[in-house]
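Here is a friendly walk through one protein model, from its overall make-up down to single residues. Please keep the viewer open as you read.

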Amino acid sequence: NIRVFDGEFMFSRCGQFLLLLTVIVTVAACPLWTQSATAAEPHSVSGSDLDRLVQGKRYPELEQQLQLAHLNPIDLAYFTGIVADRNNHPLDAIVDLEKVLPELRKTSPTHTAVALRTLAGDYFKTGRYGEASDTYSDVLKHFAAEFSAAEMQEMTDNRNMFELLRGAAPQTVSGEHEFRTPIRSNVLGNVEVPMQIGNATEWWILDTGANESSITVSTAKRIGLTLSKGSASGQSGATGKEVPLRTAVIPKLAIGGIVVRNVIVVVSEDKAFSVNLGKHGHYQIQGILGYPVLAAMGSLTILGNELQVQPESQPSPRSSRLYLEELTPLLEATVDGHDLLFGLDTGSDAASFTAKYLQEFPRQFASLKPKKWGVGGIGGIRWMHAYTLPEADLHLGTATARLKNVPVITEDVGVDPLDGVFGNLGQSLLHQFRSYTIDFSQMRFTAGENATN
């Protein structure tokens with residue numbers, strides 16, 4: 001999707017980003033002879049406490065509190081499966097959630113709904129596209145009351161698209177898992193990566209915010225792909241307009257020394273990827289390399305004009321945790337002592353915060369006034385109001401990035417998952433470092449030295 005923010009373009013499908021509250025647990029001092037009877041009380045964590053953390057997408061805290069909870073075996077397996085999914089361990093999540101799903105259906109519609117939606121995403125990640133479609137159908141038919149209208153629309157779109165892929169072979173990876181390859185920047189400021197498809201060399205945008213790789217009809221024809229007979233649709237950015245799409249499978253795609261087979265791509269009309277540059281004309285995007293391929297590569301480091309790929313990265317004080325919301329990477333960062341989750345979107349040029357940020361830090365906006373602000377894509381521009389936050393410091397481990405003039409939306413957009421996010425971080429964050437590493441194997445982001453140093 002293409003989103004226009006106050007004249008700036010962002011290419012992504014938004015993920016769920018949101019605030020994490022820091023919980024301080026205080027253990028009351030007590031006599032030694034009564035400690036065994038009372039010490040557990042301040043640390044007592046119930047299933048309903050964990051439900052609130054899941055609903056609020058407070059995943060770092062969920063991991064911590066799960067270790068303190070006293071749960072029955074069914075609930076323990078359920079929450080363990082949710083944590084495994086958010087930590088990008090889909091096979092583990094499938095084992096845990098499938099094991100308890102029959103019992104959940106008898107006891108908890110809410111847990112069943114969340115488990116099914118999680119399983120649908122995990123089936124997709126593991127190449128079980130038909131099962132992913134069937135699982136979404138189950139959710140939509142039996143558990144609609146557990147979700148908002150926007151969430152239902154998102155799941156409907158996913159169900160219909162995954163149905164087009166029924167019977168397709170799962171994605172596989174082979175070849176070298178440690179190599180370097182040149183990259184370049186396009187006129188939009190996006191990183192483009194070269195790849196070999198048949199006899200053609202293609203340069204596509206590296207976009208962690210794209211749930212699936214996406215190409216134009218012209219690109220599909222040029223590289224000889226067969227499009228799905230049927231079509232589905234997806235929401236276009238924040239306008240909410242349903243845009244028709246088809247799917248295709250790239251038999252073999254090579255990047256550097258790695259070979260990825262059976263790559264799923266979403267195919268849209270060329271005009272959906274044509275960016276209006278005003279007096280400078282238009283820029284036609286040919287393709288976007290999305291999350292499934294990037295995650296399969298392991299650890300990606302951008303350093304100057306080079307992409308470095310390796311199985312995993314080394315931990316660093318300048319590292320911060322990554323989580324996964326379905327197919328969208330989330331980055332943990334600290335702002336004014338608050339631990340928050342933001343979407344990590346390499347295909348976006350700038351950062352934007354949502355109304356959740358405004359609600360968390362109202363004092364930052366006391367002297368500011370909102371102004372008219374446009375957000376859109378295919379189907380036009382939707383005008384809303386947003387504050388312009390002069391600056392915000394984000395801490396990633398011991399690394400610090402200062403964002404300036406960040407738009408902060410004052411209202412819900414009404415499109416899932418945008419209303420549930422806390423903010424979106426793109427190249428305006430990444431460009432502040434001489435290098436950065438996105439490690440999908442260990443689920444961490446590492447910032448190199450600050451570019452100003």
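## Surface and overall make-up

The protein has an accessible surface of about 19400 Å², and 51% of that belongs to carbon and sulfur atoms. Keep in mind that this is a predicted model. Of the 453 residues in the protein, 55% count as buried.

As for secondary structure, you will find 13 helices and 26 strands. Contacts across the sequence are well represented too: taking the contacts with a separation of 6 or more, 65% join residues that are 24 or more positions apart.

## The nonpolar cores

In soluble globular proteins, nonpolar side chains tend to be buried together. Here the largest nonpolar core has 115 residues, and Ile255, Met297, Phe353, Tyr357 and Phe445 are those with the most contacts inside it. Which helix gives this core its largest share? That is helix H7 (residues 109-125), which supplies eight residues.

Phe353 makes a good spot to zoom in on. Not counting residues up to four places away in sequence, Phe353 touches Phe342, Leu389, Ala392, Leu394, Leu403, Val406, Pro407, Val408, Ile409, Phe422, Gly423 and Leu425. Apart from the largest core lies another one, of eight residues, which include Ile205, Ala272, Ile285 and Ile288.

## Helices H4 and H5

Next, look at helix H4 (residues 59-66) and helix H5 (residues 73-86). Their axes are 11 Å apart, and the two helices pack at an angle of about 145 degrees. The crossing of H4 and H5 is left-handed. On the H4 side, the contact is made by Tyr59, Leu62, Glu63 and Leu66, while H5 brings Leu76, Phe79, Thr80, Ile82, Val83 and Arg86. Sorted by class, this contact has seven nonpolar, one polar and two charged residues.

Arg86 deserves a closer look. This residue of helix H5 takes part in the contact with H4. Is Arg86 buried or exposed? Its relative accessible area is 8%, under the 20% cut-off, so Arg86 counts as buried. Leaving aside neighbours within four places in sequence, Arg86 is in contact with Tyr59, Thr118, Tyr323, Leu324, Glu325 and Met443. Arg86 and Leu322 are 236 residues apart along the chain, yet their C-alpha atoms are separated by 9.0 Å.

## The loop between S19 and S20

Thr346 sits in the loop between strand S19 (338-344) and strand S20 (352-353). With a relative accessible area of 1%, Thr346 is buried. Its contacts, leaving aside neighbours within four places in sequence, are Asn190, Leu206, Asp207, Thr208, Gly209, Gln427, Leu430 and Ile438. One of these partners, Gln427, is 81 residues from Thr346 in sequence, with a C-alpha to C-alpha distance of 6.1 Å.

Ala350 lies in the loop between S19 and S20 as well, and at 10% relative accessibility Ala350 counts as buried. Gln427 turns up again here: the C-alpha atoms of Ala350 and Gln427 are separated by 5.8 Å, with their positions 77 residues apart along the chain.

## Phe361 and its surroundings

Phe361 is placed in the loop between helix H12 (355-360) and strand S21 (371-377). Phe361 is buried, with a relative accessible area of 7%. Not counting residues up to four places away in sequence, Phe361 touches Val335, Asp336, His338, Leu340 and Phe422. Of these, Val335 is 26 residues from Phe361 along the chain, and their C-alpha atoms are separated by 9.8 Å.

## Two positive phi values

Most residues other than glycine have a negative phi. Which value of phi does Asp336 have? Asp336 has a positive phi of about 50 degrees although it is not a glycine. Asp336 is found in the loop between strand S18 (328-335) and S19, and its 56% relative accessibility is over the 50% cut-off, so Asp336 counts as exposed.

Lys57 also has a positive phi, near 55 degrees, and is likewise a residue other than glycine. Lys57 lies in the loop between helix H3 (47-55) and H4. In Lys57 the relative accessible area is 12%, and the residue is buried.

Note on methods
Residues are numbered from 1 along each chain as its sequence is written. This is a predicted model: local features need pLDDT of at least 70, side-chain atom pairs count only at pLDDT 80 or more; totals for chains, interfaces and linings use all residues. Side-chain values use heavy atoms; hydrogens and water are left out. Axes are lines fitted to C-alpha atoms, for helices over the stretch in contact, and angles run from 0 to 180 degrees between N-to-C directions. Helices (H or I, at least four residues) and strands (E, at least two) are DSSP runs, numbered from the N terminus. A crossing is left-handed if the near helix is turned anticlockwise from the far one by less than a right angle, and right-handed if clockwise. Contact means heavy atoms within 4.5 Å. Ala, Val, Leu, Ile, Met, Phe, Trp, Tyr, Cys and Pro count as nonpolar, Asp, Glu, Lys and Arg as charged, and the others, Gly among them, as polar. A nonpolar core is a set of buried Ala, Val, Leu, Ile, Met, Phe, Trp, Tyr and Cys residues joined through side-chain atoms within 4.5 Å. Buried means under 20% relative accessible area, exposed over 50%, partly exposed in between (1.4 Å probe, protein chains only). Accessible areas come from the Shrake-Rupley method with a 1.4 Å probe; for residues, only the protein chains shown count as cover.
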